[in-house]
Structure formats: C-alpha cells, structure tokens
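Reader: I have just opened this structure and would love a friendly tour. Could you walk me through it?

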Amino acid sequence: MTMSTGSNFGFADIEPNSQEALDESRQLTYIAAISEALREEMERDPNVLMMGEDIAGSFGGAFKVTKGLEEQFGARRVMNMPMCELGFVGAATGMALMGLRPVIEMQFADFITSAFDSIVQYAATNYYRWQGAVPWVIRAPSDGGLRSGPFHSQNPEAWFAHAPGLKVVTPATPADAKGLLLAAIRDNNPVIYFEAKPLYRSLKGYVPPGDYVVPIGVANLVRSGDDLSIITYGAQLREALTAAGRLAAEGIHADVLDLRTVKPLDTEAILTSARKTGKVLVVHSATQLLGVGAEVASLIADQAFEWLDAPVRRLGGLDVPVPFSPPLEDAYRPNAEKIYQIAKELAEF
Amino acid sequence: MTKTCLTRDQQLELYYWMRLTRTLDEMAVALWKQGRGVGGMFSQRGHEAISVGSGFALGPDDVVAPMHRDHGCYLLRGLTPRRIMSNLLGRATGVTRGRDANMHGVGDLNFNLIGFISHLPQSLPVALGAAMSFVYRGEARVAMTYVGDGSTSEGLFHETLNLAAVCQAPYILIIENNQYAYSTPLPQQMKIEHLADRAAAYGIPGVIVDGNDVEAVYAVVKDAVDRARAGGGPMVIEAKTMRMMGHAIHDGAEYVPRELLAEWERRDPVVTYEARLMAAGVVDQVEIDEIKQRCAVEITDAIDYAESSPFPDVATVTEGVYAL
C-alpha cells in the first residue's frame, strides 16, 4: 500500500517531486481513477458489489463510471436497480449487515434526498444503537458549473456531515478519487463519497497503480505559503489553486489546504494552517449559509483566535437553488476569480 | 382452526413462548403503571400468535427483522428476558446498552436478529437486503420481516415489494393488520379490504391468515419459508388481528369502540390456544399452571436483574458511534 504520490495532483502549476509521477501511462482523468478503484477493489474482494440505476451492461451508468464492470464481474455483482433510492439504499444496509460491501451509485447527488431516511435514520445510527456495522459506500456525483440546473448540480454534503454515524469524503484530485474510494469501501461505516462532476473528464493527473489508499480524515496541504490560508475541498480546489497561482505572481503566498474529508474533519491541519498564516478563507461550492465553512470558521475562532490577523472569511454558493442559465449559475458559484478577490482583500487586511 | 401437523412438544413450545410473551407484557405494563418504567412502552397484547407462530417457522440461520409488537419473535430467537427488560429500562446490560428506547434497535446478529427504527417500514428493505445477500452467496437462507397496517401506506412498502419481486429474493413480509395506525382506523387508511391484495401489484403471492391462531400462522409462514428457501421468491402474508391496548403505554385508545375490543377479547390468542390444547387433551391444568409459573419466575427474575443493573456510564456516551 502506497500512501504518498509525490505528484502534482493534476495541477499544472505544482511541480511534481518524483519521477514516477511523470509516468504518462498513469496520468488518469478523475473519472478513470474512480472506475479503476472500483474494478480493482472488485477483483480484490468478492464481497464488493455495485448497485444503482442504469449502471449495468454496455450502458455503464449515466457517466459511464461502471462501464465494463458487468462484463467482467457479471450481473450478480453489478446490479441494476429499479428507480427506488430509498428502497435500494435500505437493501444495501441489509447486505452490509450480512458482511457484503455494497457500493451504491446515486445517479446524481441531487437524488440522494429520496433515500434520506435510509441513510441518516437507519444506516447512520445503527452501530451506535446495536453495534451492527454497515459498511456501504454511496457514490454521489455532485457539483455544478455544467449548466445542469437546480436538480443536477447540488452539493448536499453538509446535511450528511450533520448526521452522527456517517463519514463524508470529497476528493479533489484523480489520485484522491482512487485512494479515498478504496478507503471508503474498506471502512466499516456508511460513507458518502461525493465525486465532483466538473472534474470528471477535465482534470487529469498521476494516479498510483495498485493498492493505493488515502486515509479518511487526513487533509492535504497542496500548496504552501505564509500570507493566508485557503481551505477548501472538491471541485473548488482547482479554483483555489488557480487563484493562488495568480496571487503568488503578485507576491502573495497562500497555503492551500484540501480537506479531502468533510467528516471527520482534520482539525489539526486546519488549526496548523490558520495559526501559521493568521488569515483564512474557506471555500466550497455548496451553499455558504450553514455550510461546512461555518464549522471550519467556528473551529478557528474557538481554537486559533489569538493567531488571527483578520476575520475568517467564507465563500460558498448563494442561498438560492442552483440556477440554470450560465450568467446566473456563474453568479451563484464560487470560482477562481472570486477566490482571488477575497484572498487579496484578506492579504491586504 | 387449522388441523395441526405439529408434535406435542412443538405445541407446548408455541404455548410457552406465547405465555412468556404475554407475561413479559403484563408485568411490563404493571411496571410502567407503578412508575418504574423508563420512557415509553409498547404492549404486545393480541399479537403473540403472529410473532411466535412466524418466528417458530424460521431456521436458526434465517434472518428476521421484527418490530415493536414482536416480543415473541425476539424471545424465541434467543434474546433473554433479562436483556430485553434491561433494554426497556435503559440499563447498560440491555441489548442497546441504553442507546435505544424500549424495543427499538434490539438487533443482535448472533441470533440473526435485525433491530428496527421508528420510521416504519424502514426494516422492509433492510431485511430484503439480507435476503439479497443470500442470493448473492448462494446460501439456502431466508429473511423475514414485519409491518403494521399503517406503514403499508408508505412509499417504501411499494419500493421494497417491487424490488423483492424483481430480485426473486427469499423474503417473507408479514403484515400485522391490527386495524389501527395509532388512532387512525383502517377505513381512513385505505380503500381495500385485504392488505394481502396489494401483493398482486408486484407479482407476489399474498395470503391471509387468522393472526390470533398460532398454528395457522405457523403453517402459512412455514409454507412461505420452504417455498422461498427452494427459490420460489417472496411472499406477503397478512395476519389479521386487533391491537388490544393503546399505541403505547400512554395511550388509553378511547378512540377504539369498546365492543370491538370485547369481540376480539373472546379471540385472545393465548387464552384460546390454551383452551384448545386442554380440550384436545394435549395438556392438563397442572402443566398449564407449571408453564405459567415458569414464565412468571423468568420475568420476575428479568425485572430484578434489570432494576439492579447499572445505567450506562456517562463517560461512554460518545463511544461506539463508528465501527472500527
């Protein structure tokens, strides 16, 4: 099992620091990294199976993540489900109680609400109540910027982070997409794995071959600087790095911390960065109001107050349903330009 | 009443489990009325033939997800009265170590028991998932679960039965039709007479059984279990009965007509089975009294054990949210 890649995570302005990271054959898109993780884990563990809508056969899912899996593993292990998210997440819980490891594809993260009771009431609470472990993973294709409207663009991670008993992971790079998925499948608890649709085919980077696991709950300092911290996760990491590159050209150097896991939060990594720079901007695509950023800001106010040189700032989506029309969606959503502007204000504070 | 195919020992066992369930219920109700209970409590009265007759039809490797009126099933699967009573009283020695209330969450995979949650019918798909795991692994096991008349109105009832049919899962669903969902009577819940009729919508056989006749329940469930084990797929069984007390201990159920209760009181599943066994010469009064005494001793011991058990250590409140 390898734990560190030494790669540039697919981001051009970060220098890779190892030779293997330059291996062309291991430059995978974010979506290919997910598919690879699924296939390799199914080869490794006969208890791992896939469930979801339209995932089987030559169709292979709405985004083709599971394409070829039924061919390789059969319909027994790649199970097309009728349209009943509440029902099949509940069934996955029963399979998990019997020792299987179902990986559920939610066709879009937006549809996960149909299964809310099964997730937050049943699966999340089960171990605390009677110690029946529920080792399933829900893969939830989330986030927007793709002009897909209110019901194909959502980022509902905060709802699930609020439910005791769940783990919530949000990979931002191809390597983490693989490493966190393997960790999620092997975890003995229900894990919601929010994969970022905007990165699927637009982000490519070095992905270690074979059994590569990124532990849940460990953040990653992707870029180091002393002037301020940009703390983010998911698709906004790419935006944050773009903004940080532009700031660096102006002599402002930012820590860019990728949380990688929303629950459990890597509080040490957050506090270490906040105490180093004294200025923090938290960024996520999800609605800012009562979002994950509020928890991060509260943690910093609570435990790093004396180190702060400026108010903790947040940048998230507006408190509106994700709008469809391009100018409206762009107004809704954080991006590199908005991050740059607030970061600059912070640096000059 | 059905013609029996049971041995005398089996009949005595059925009677014992029903009497134990009834005794547990009566002593628990008394405990709550004395103010010694913790939180709420759901009476089983009237449901004993369903939970005992159905649970008795399963093999030890089969999986069952009972609900709050199925104490008989929990008991005969192997949960002791001590662990049950300790759970009712929120003690560290209860099945959920004080984590979940009354009979909620009383699961123990050592006995192939899956606990339920308040959001009925959330156990339906979970038990189905267990059945799907048996198909996945090629095991000759079945999964069974229960639902009341009330939660057959939930969308998840439809989702689960449809999925069970699609998967041809070895899955048995018992509808305990006790005529009231809390205070709402059947005519305000649905416009059909028999809930078993709903099974036809999914291509699943649906049968009706007298839920107050333990041998009839056993016989119909045993057929369903054998059929499912042989690969015949899921089955829905509607057991018709009456909830003889309120929804929970706090509820006087004044909304239920007294004459309806009186009519069902004459069909009490424990009393009628006892009379039937006596009339058939299977047991005499001495044996019946012995069984009753044995049950009273067991439940008294369970109450003593529970009341002298410690409450959970507050220092453990955050422990066990996540599996290692």
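Reader: Which residues of α1(A) are buried?

Author: Happy to help! This is a predicted model, in which local features need pLDDT of at least 70, side-chain atom pairs count only at pLDDT 80 or more, and totals for chains, interfaces and linings use all residues. Residues are numbered from 1 along each chain as its sequence is written, with chains lettered from A and ligands numbered from 1 in the order in which they are written. A residue is buried if 20 or more other C-beta atoms, placed from the backbone, lie within 10 Å of its own; in α1(A) these are Tyr30(A), Ile31(A), Ala33(A), Ile34(A), Ser35(A), Glu36(A), Ala37(A), Leu38(A), Glu41(A) and Met42(A).

Reader: What do the buried residues of α1(A) pack against?

Author: Helices (H or I, at least four residues) and strands (E, at least two) are DSSP runs, numbered from the N terminus. Contact means that C-beta atoms, placed from the backbone, lie within 7 Å. The partners are β1 (27-29), β2 (48-52), α2 (69-73), β4 (101-105), α6 and β7 of chain A.

Reader: How far apart are the C-alpha centres of domain 1 and domain 2 of chain A?

Author: An automatic or database domain assignment supplies the bounds: domain 1 of chain A is 20-206 and domain 2 is 220-348. Their C-alpha centres are separated by 26 Å.

Reader: How many residues does each domain of chain A give to the contact?

Author: Domain 1 and domain 2 of chain A meet in a contact. Domain 1 gives 26 residues and domain 2 gives 22 residues.

Reader: Which element gives the most to the side of chain B that touches chain A?

Author: In this contact, 35 residues of chain B meet 31 residues of chain A. With 9 residues, the element that gives the most to chain B's side is α5(B).

Definitions and conventions
Two residues are in contact if their C-beta atoms, placed from the backbone, lie within 7 Å. A residue is buried if 20 or more other C-beta atoms lie within 10 Å of its own, exposed if 12 or fewer, and partly exposed in between; C-beta atoms are placed from the backbone.
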